[in-house]
Amino acid sequence: MATAGKVIKCRAAVAWEPSKPLVMEEIEVAPPQAHEIRIKIVATGVCHTDLYHLFEGKHKDGFPCVLGHEGAGIVESVGSEVTKFNPGDKVIPLFISQCGQCRFCKSPKTNLCEKGWASERYDVMSESDTRFTCKGKKVLQFMGTSTFSEYTVVNEIAVAKIHPSAPLDKVCLLGCGVATGYGAALNTAKVEPGSTCAVFGLGAVGLAAVMGCKNAGAKRIIAIDINPTKYEKAKVFGATEFVNPKDHNKPISQVLHEMTNGGVDFSLECVGSVAVMRSALESCVKGWGVSVLVGWTDMDDFAARPIQLIAGRTWKGSLFGGFKSKDGVPKLVNEYLEKKVKLDEFVTHNMTLAQVNDAIQLMKTGDCIRSVLSVALQ
Ligand code: NAD
Ligand code: ZN
């Protein structure tokens with residue numbers, strides 16, 4: 001590659017400050033250092049966590065940054081000591097690393113690698129050690145990835161090499177939303193055959209949770225959203241019933257208890273609201289009900305009555321669907337290629353990186369499931 005070892009100037013959508021539109025800028029991307037990989041991003045999804053950082057979390061020290069963490073691309077060059085990747089490999093950058101060495105990686109109980117972005121600067125969701133500059137200013141890498149850029153640099157412990165025939169404009173969704181919801185049902189809730197499940201929030205994360213419940217053999221999958229346009233899509237992924245909280249003048253947990261003779265076996269919160277988290281817990285049956293937090297927020301504390309847990313319910317959380325990232329993502333890509341996992345059905349809009357603000361607007365108004373942006377030419 002003619003660019004190897006040199007600074008690359010390329011286009012990126014920069015978030016200069018909270019709550020403002022992203023600005024297309026020319027940025028400089030430094031060459032990869034030891035154990036790092038420079039990736040040409042070909043496609044990226046827009047996830048609600050990008051919107052969260054921009055509009056809801058608003059931590060000032062998380063800006064300026066390049067958002068985007070649901071991308072796929074091709075290795076442009078590798079730093080010294082990288083042995084398992086070569087230029088031309090198809091890859092997915094990972095916001096959860098897997099170093100394979102730390103005590104968390106060695107435990108089968110968790111996917112929270114100690115060396116990943118998730119172990120530091122959790123609140124501001126950006127890496128302080130960045131390879132990006134723009135107009136002489138350091139620009140942070142959101143979730144250690146920054147896929148709203150034609151090129152990015154990621155540590156090799158946070159990159160998955162995937163099947164060479166994988167279509168990057170689809171498998172990018174396995175970099176976050178689809179892996180997250182799907183794994184939350186399979187790995188974290190551990191949904192059982194014949195069970196009754198409730199999924200709150202029918203964005204890509206929630207729909208992927210529906211798909212996970214179905215693939216685990218759930219008998220009833222109740223899909224809940226305040227936006228009724230999401231219901232048709234939920235059916236495609238296996239939902240059997242729909243509830244719109246706005247159609248009821250009693251708590252949604254009561255509605256679900258009445259529908260299921262005492263509550264659901266598994267519930268998954270895929271909205272990111274502490275009020276919905278509580279409803280999801282209270283919708284579970286006593287004795288064995290399991291409720292999983294998937295939606296993201298660190299703005300508010302949550303509340304619940306202790307009796308909910310004393311009576312035998314379990315409340316858990318799931319980051320990236322509980323998948324060990326480097327091991328899990330290539331397997332999910334293969335499952336998509338074998339048609340065991342759906343991806344195409346999540347994509348409602350295809351656009352270019354320059355249209356990223358339109359894609360953000362579509363998610364804000366609830367008029368999309370996933371917009372996939374084409375970034376650099378393949
Ligand atoms: P999205 O905005 O596409 O979907 C959210 C859905 O929730 C929308 O359909 C919306 O109508 C619905 N909703 C809003 N309020 C509701 C309510 N009161 N009751 C029921 N439904 C309601 O978002 P997404 O990209 O699917 O992400 C969903 C959540 O998952 C976000 O909070 C995101 O930050 C989080 N997330 C978490 C992880 C993780 O690792 N845990 C990873 C990715 C995303
Ligand atoms: Zn995400």
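Student: By class, which residues line the second largest pocket?
Tutor: This is a predicted model. The pocket in question has a volume of about 540 Å³. Its lining is made up of 25 residues. By class they are 11 nonpolar, 7 polar and 7 charged.

Student: Which residues are the closest to the centre of the second largest pocket?
Tutor: The lining counts 25 residues in total. Five names stand closest to the pocket centre: Lys 115, Gly 116, Trp 117, Glu 127 and Asn 155.

Student: Which strand gives the most to the lining of the second largest pocket?
Tutor: Two strands each supply at least two lining residues. They are E7 (126-134) and E9 (151-155). With 5 residues, the top contributor is E7.

Student: Which atoms coordinate the zinc ion (ligand 2)?
Tutor: The donors follow the spacing C-x21-H-x106-C along the chain. The coordination distances run from 2.0 to 2.2 Å. The donor atoms are Cys 47 (SG), His 69 (NE2) and Cys 176 (SG).

Student: How many residues apart in sequence are the parts that His 69 and Cys 176 tie together?
Tutor: His 69 lies in the loop between strand E4 (65-66) and strand E5 (70-78). Cys 176 lies in the loop between helix H3 (168-171) and helix H4 (177-189). Both residues are zinc donors, so the pair ties together parts separated in sequence by 107 residues.

Student: Are His 69 and Cys 176 buried or exposed?
Tutor: Buried means under 20% relative accessible area. Exposed means over 50%. On that scale, both His 69 and Cys 176 are buried.

Student: What kind of aromatic pair do Tyr 231 and Phe 242 form?
Tutor: The structure holds 4 aromatic pairs. In this one, the rings are 5.2 Å apart centre to centre, with 20° between the planes. Planes under 30 degrees apart count as stacked, so the pair Tyr 231 and Phe 242 is stacked.

Student: Which elements hold Tyr 231 and Phe 242?
Tutor: The pair links distant parts of the chain, 11 residues apart. Tyr 231 is in helix H6 (residues 231-237), and Phe 242 is in strand E13 (residues 241-243).

Student: Why does Tyr 231 count as buried, and Phe 242 as partly exposed?
Tutor: The cut-off for buried is under 20% relative accessible area. Tyr 231 is buried because its value is 13%. Phe 242 is partly exposed because its value is 28%.

Student: At what distance from the ring centre of Phe 55 does the charged end of Lys 364 sit?
Tutor: Another lysine, Lys 161, lies over the face of Phe 85, at 5.8 Å from the ring centre. For Lys 364 over the ring of Phe 55, the distance is 3.9 Å.

Methods: Residues are numbered from 1 along each chain as its sequence is written. Chains are lettered from A and ligands numbered from 1 in the order in which they are written. This is a predicted model: local features need pLDDT of at least 70, side-chain atom pairs count only at pLDDT 80 or more; totals for chains, interfaces and linings use all residues. Side-chain values use heavy atoms; hydrogens and water are left out. On a 1 Å grid over the protein atoms alone, a cavity is a set of points where a 1.4 Å probe fits but cannot get out, and a pocket is an open set with protein on both sides within 12 Å along at least five of seven lines; lining residues have an atom within 4 Å of a point. Grid points are joined across faces, edges and corners, and a volume is the space filled by probe spheres set on the points. Helices (H or I, at least four residues) and strands (E, at least two) are DSSP runs, numbered from the N terminus. Ala, Val, Leu, Ile, Met, Phe, Trp, Tyr, Cys and Pro count as nonpolar, Asp, Glu, Lys and Arg as charged, and the others, Gly among them, as polar. Rings of Phe, Tyr and Trp (its six-membered ring) pair if their centres lie within 6.5 Å; planes under 30 degrees apart count as stacked, over 60 as edge-to-face and the rest as tilted. Buried means under 20% relative accessible area, exposed over 50%, partly exposed in between (1.4 Å probe, protein chains only). A charge sits over a ring if NZ of Lys or CZ of Arg is within 6 Å of the ring centre and within 35 degrees of the ring normal. Donors are N, O and S atoms within 2.8 Å of the metal (3.2 Å for Na, K and Ca); water is not among the atoms, so sites may look incomplete.
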